[in-house]
Every structure is written in structure tokens, then in C-alpha cells.
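Trainee: I am new to this structure and would like a close look at a single part of it. Please take me through that part slowly, with each term explained as it comes up.

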Amino acid sequence: MKLLRLFWKMLVGIKDVLALILLVLFFGAIFVGLCLTTKNGAISSRNLGAASAADGALLIDFSGNLVEKTEGTSFLDLIQDNNNQNEILLREVVYGLEQAARNPKIKAVVVDLSDFSGGGRAAISAVDNALDKVKAAGKPVLSFAGFYNDARYRIAAHGTEIWLPNLGEVALLGVGGNQLYYKGLLDKLGVETKIYRVGRFKSFVEPFTRTEQSPDAKAANQALANSLWQTTLQDIAHARPKAHVAEWALNPTSFLKSGHSFAELSQSAGMIDHIGNAIDFGNRVASLVGKDKQPGSFKAVSLASFIGANPPSSAGSAIGVVTVSGEIVDNETRSGQVSGSTISSLILDTLAKGDIKALVVRVDSPGGSVSAAEQMRSAILAAKAKGLPVIVSMGSVAASGGYWISTPADKIFADPSTITGSIGVFSLIPTFQQTLHKIGLSADGVKTTPLSGQPDVFRGTTPEFDQLMQFGVDTIYDRFTSIVASSRHLPLEKVREIAEGRVWSGVDAKKIGLVDQYGSLQDAVTEAAKRAHLDPSHTHMQFIDEEPSFVEMILKNLFQHQASDAKIVARNPNIDAYGSMAGNSQEQLVRIVAAIRGIAQTSTMQARCLECVVEVKPTSQDRHLADRLITQTALRP
């Protein structure tokens, strides 16, 4: 029998090896085929030129999330996570729009927002500025969606025509909302959360210690929300003066009239221009750029095709651009995180090659590990030590650890809607002695020092350990404020007044000296070129990114959403704005689960910002856990 079992194991092992070999050969054949197709000139997502030869419209399909940096996708992510969303790379959208403004073959820009999931405020502002350049070139910009929420409408408002189906809606929610507080649950479970913190406004830890916001946190958060909302209103009012946007958002019921649809009310309030379905919209675009074969279609080229035919120039001197996007962690990362060691290595390797004349750091991060932030900061300082100008361009969020890595900059650019500051430090350790007691468990042991076995999650921490932890947090906070004072040329007392963990909008951050100037990534690159004594018109951006793996390249070509050339054909966009908002509430719970799991897996000191609406990208495990919580809550009597 033993011999038979051994023989069977050998057969199974041979079968597994053969299956693996066949799988590798299969994907390798696909990859070679894709390469050959591209080489022979056929249309693909990244090498597409034939479609842009004729006059027409540039079609930008905003299906998914607008991001500063796309994430690598594993095969397991694709087969396990049905909610894997497409990512739209901001820099490609901006580049494509700027090229479309100058290209005589592009007669109009079509923005399809039907499946747009949203993006950071500064990222949306960058798209808006690029759309304004298209309009300034005298080219129409037409937008279509089944409904418009805040993010969709901010983009659509910068167009020349906004279209909405008859059953569609414009629903603006403004800035704000509720977050969960866990203290009541933790008390019931017997979990004690040991908090070590500095900063009166460092409210990241409050959900674990309180059942509601503290007065200080509430006041600061309200001021932040008011500033961001006012910036949004001013932006829309400037782009679309005829829209009664403030009244529509603050008192929407005043527009209700019997016998009118939401779309008609939106049109009467100046929020939209035309009511029509996808075919009506397509016919309107066709009247401007030419018809295609099907009803409601028009001559157009997709963004990927257009960029493939008009790639960025590599002439002139290189300005290095490194993107720090996501939660800052020390080593290995999951989706939505950025590794301090990875970014540091990328910068140092690029410096060793000596082929960049300046460095621009694009920061879109709410912070995270202090040690990882310091590792990135050290690499940026190495660029300065070599005599390279260093400019920081802040995205939607550059707070806590995100501000830490911004301190070496010669100049900091931000958007008025950037969320920054949050200069504070904390550490969090849960202990379970009361939880164990509730279920009849206890713990005991021996020790040789007050720190033996610490932090002890079974019996609690010792006073000596608590003192040392708090001293460590205080020391890091002192270093943080000192770095800010030195880099921003501010008195230390002034920095401590504006620190305390408080979060600021870009507007307020500029007033108090945390940022220097409003501007885009391109503005930061131009500034870097000037400081390197270069003509900005004879430079190009060299993005310092990780090279995708062989498997990632295959998966991207196989599974990533591909925008089709030529048309919006009649399709049924989602027109239920309020139903979609209900779905957003569930997505918020999923992201809370992801954020908590991220904290629990991190043992280092944290410089992190909760108020920044952290865009932690959930995994399939996070979604599964959130679904179980929702199901159990719904079934509970």
C-alpha cells in the first residue's frame, strides 16, 4: 500500500508540473502574439495609430477610478475579486487632452462619464484644467452620463455641452459624512486600545477611544469640509456661470415642480444643456465631427489610440518624476499601498544612472509608516546632495507621512483642493485581557525585565513600556516639526501652532506657509527645469516607475478594460443616482475594513491621516468580510 501511495503521489506531482508548463506556454504564446500584432501595426490599447488618421473626436471613456498611478494586477486578484475596477491614469488623460487641443485632426472632445467611479479632488482639477485648454482652442467638449454626482459634474461643468437622459438626475451631495466609531463595540468585546499620540487634532485614533468626534476634531473637520466645498462651488461657478449650483445643492427641493422630471428640473436650473439618450447624444457629436455607420455613432479615436499615435516626446533633458501614491508602508505592498524601500530604490537607481537634471516628487498619500516615509525622504535628500533641484507636486492628499516626504522640496506646488498637513504621530496597540476573561481564558508567565514579552496583548502593557512608547512618539513628533520648521523656514513655535495633527485644505495651507504655490504637475516640472537652468520647452518628463512583470503585462493586455475606438453606441447607462449612493455606503464600509486591517498589520509608528478620506484599495478578503458584517447585521433580530 505504501508503494501504491508513493506511486500515486508521483503521478500527481508529474500532473501538476505538466499543468504548470502548459500554463506558462499558454500565456507565453498569448504574449508573443500580442507583441507580433503590435509589431505588424494592428490596433491595440497602447500602440494605435491608424484610427487617428481621420478627422473626428477624441473619446475619453471614464470607466473606473481616476488614479495617479495604476496598480499591478495579479492573476488571483482577477479570478477572486469581481469588484476589480478599471483604473484611468491621470497623466494620460491630461496629456491626451493637451495634445487634442493642438491637434487639427481632433474636432471635438467627448467625455463619457456613465461609469465614472470618481477620483481625488486634485486629480479631477487637473482634468478640468486640461479641458479648459481644449475649450480655449475653440473646440467643443461634450459630456454624457446617466446621472451626475459631485465628481462627474465637476468634470462635465468644464465642457461646452452637458447631456442627460430624460430619466437621469444631477445629485450633488457636497463634502462631509459620517464615520464609524468603534469604542462601544470594543468595550463589549473587552478590547482595550492603548494609544500613544501627539497632536491635539490627531483624530485618527478617536474612533478607537471615543463614541463621537471630540470638539477639537469636529471643529477642524468642519473647517476643512467648508473650505473644500467652497472651492468646489467657486470652480463650478467659474466654469459654468449660468448654473444655479449653490441653490441646487443647498435647497434642491425648492426646484421641484409637478409634472417635471429630474432632467427637466436640472435643465431649468442651468445644470445641464440637453436632454437625450445615448443615440441623441451620438447624433449631436456626429453633426460636429462626422457620422459613423451605426445610428448614434460618430467618427472618433480612443484616448489609448490617440496617445499611441502621438506619444510624448523624449527630446531634450530629462526631468525625473516619481509618484508616491497610496498608504506608505515599509516593505511588501498590497494594492493601494506604496513601499518606502521601493520608492527609495527607484530614486537611488535613477540617480546612479545620472540621466535626470531635476527631480519632481508627485505626492498623493495620506501617510502611514514613519520609517518608510523617512526612507523615501532620505533618497530625495540624496538627489539634493547631487545638486539636483527637487520640486514637490501635491495631488489630492499629501498629509502626515505624505507631508514628511515633501519637506526636502525647494518648492511645493498644490491644488486648492489638496488635503495636507496632519503633522502628528501616533501608535496603536490593542490588548485582549478582558476579552479572554469573558470567555474563561487567562495568561501567566515569567519575565526578567519590565519589557519581557511586551507588548503583551494577553495581559496588557506595563507602565515602563507605555512610557517608552510615548517617549518614542514624542521624539518623532519633535523631529517632524523640526524638519518642517527647517524646510519651510518657519519658527518652530509657528509650526507647532499649525501642526498638532490638524488637516488643512490647499487654500489654507498656502496661507500658513505649508505650500508655496498653486499649480499642476506640469507647473512643477517647469519650475524644476528653470531651477536646473534649462529651457522648459527642451525638456521631457521621465517617469520613474517599476517595470511591470511579464505576468502583469500579459494580464493587462488580456483583462484590462479597453476603450473602443470610434463611438458611443446606444447603451443603457445607470440612471439611478440615489441608488448608486446607497451602493457607495457599502463601499465605504469595505474601505473601513481595509483601513483597519492595514493598521493592524503595521507595527511601526504611524504618521497617518484619517480625515483625508483614505483611498485604501480593498482586497477580495476585505469585501468578503464587509459582506459578512452586512449580512449578519441584516439578519440580526
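Trainee: In what order do the 6 strands of the open sheet stand, and is the pairing parallel or antiparallel?

Mentor: Before the sheet itself, please keep in mind that this is a predicted model, in which local features need pLDDT of at least 70 and side-chain atom pairs count only at pLDDT 80 or more, while totals for chains, interfaces and linings use all residues. Residues are numbered from 1 along each chain as its sequence is written, and side-chain values use heavy atoms, with hydrogens and water left out.

The open sheet is formed by 6 strands in the order 9-7-6-4-1-10, and their pairing is parallel. Helices (H or I, at least four residues) and strands (E, at least two) are DSSP runs, numbered from the N terminus, and two strands pair if DSSP finds at least two bridges between them. As a general matter, strands of a sheet pair through backbone hydrogen bonds, either parallel or antiparallel.

At the edges stand strand 9 (274-275) and strand 10 (300-302), each with a single partner strand, so one side of each has no neighbour in the sheet. Strand 10 pairs with strand 1 (residues 56-61) in the parallel sense over 3 bridges, and within this pairing L58 has V301 of strand 10 as its bridge partner. Helix 11 (residues 278-289) packs on the sheet, where it touches strand 1, strand 4 (106-112), strand 6 (141-144) and strand 7 (161-164), and its direction makes about 170 degrees with that of strand 6. Touching, or contact, means heavy atoms within 4.5 Å, and such angles run from 0 to 180 degrees between N-to-C directions, the axes being lines fitted to C-alpha atoms, for helices over the stretch in contact.

Moving along the sheet, strand 1 also pairs with strand 4, again in the parallel sense, over 6 bridges, and G56 stands opposite I106 in strand 4. Strand 4 is joined in turn to strand 6 by 4 bridges, and these two strands run parallel; here the bridge partner of V111 is S143 in strand 6. Because 6 of the 7 residues of strand 4 are buried, this strand is largely enclosed by the rest of the structure. Buried means under 20% relative accessible area, exposed over 50%, and partly exposed in between, with a 1.4 Å probe and protein chains only.

For a contrast in accessibility, you can turn to A136, whose place is in helix 4 (residues 121-136). A136 counts as exposed, because its relative accessibility is 70%. A136 and A101 are 35 residues apart in sequence, and their C-alpha atoms are 8.1 Å apart in space.

Finally, a word on the nonpolar cores, a core being a set of buried Ala, Val, Leu, Ile, Met, Phe, Trp, Tyr and Cys residues joined through side-chain atoms within 4.5 Å. The largest nonpolar core has 56 residues, of which L359, V361 and L514 touch the most other members, and its largest share, 9 residues, comes from helix 17 (residues 463-488). Apart from this core lies another, of 53 residues, and among them are L113, I162, A249 and L265. In soluble globular proteins, nonpolar side chains tend to be buried together.
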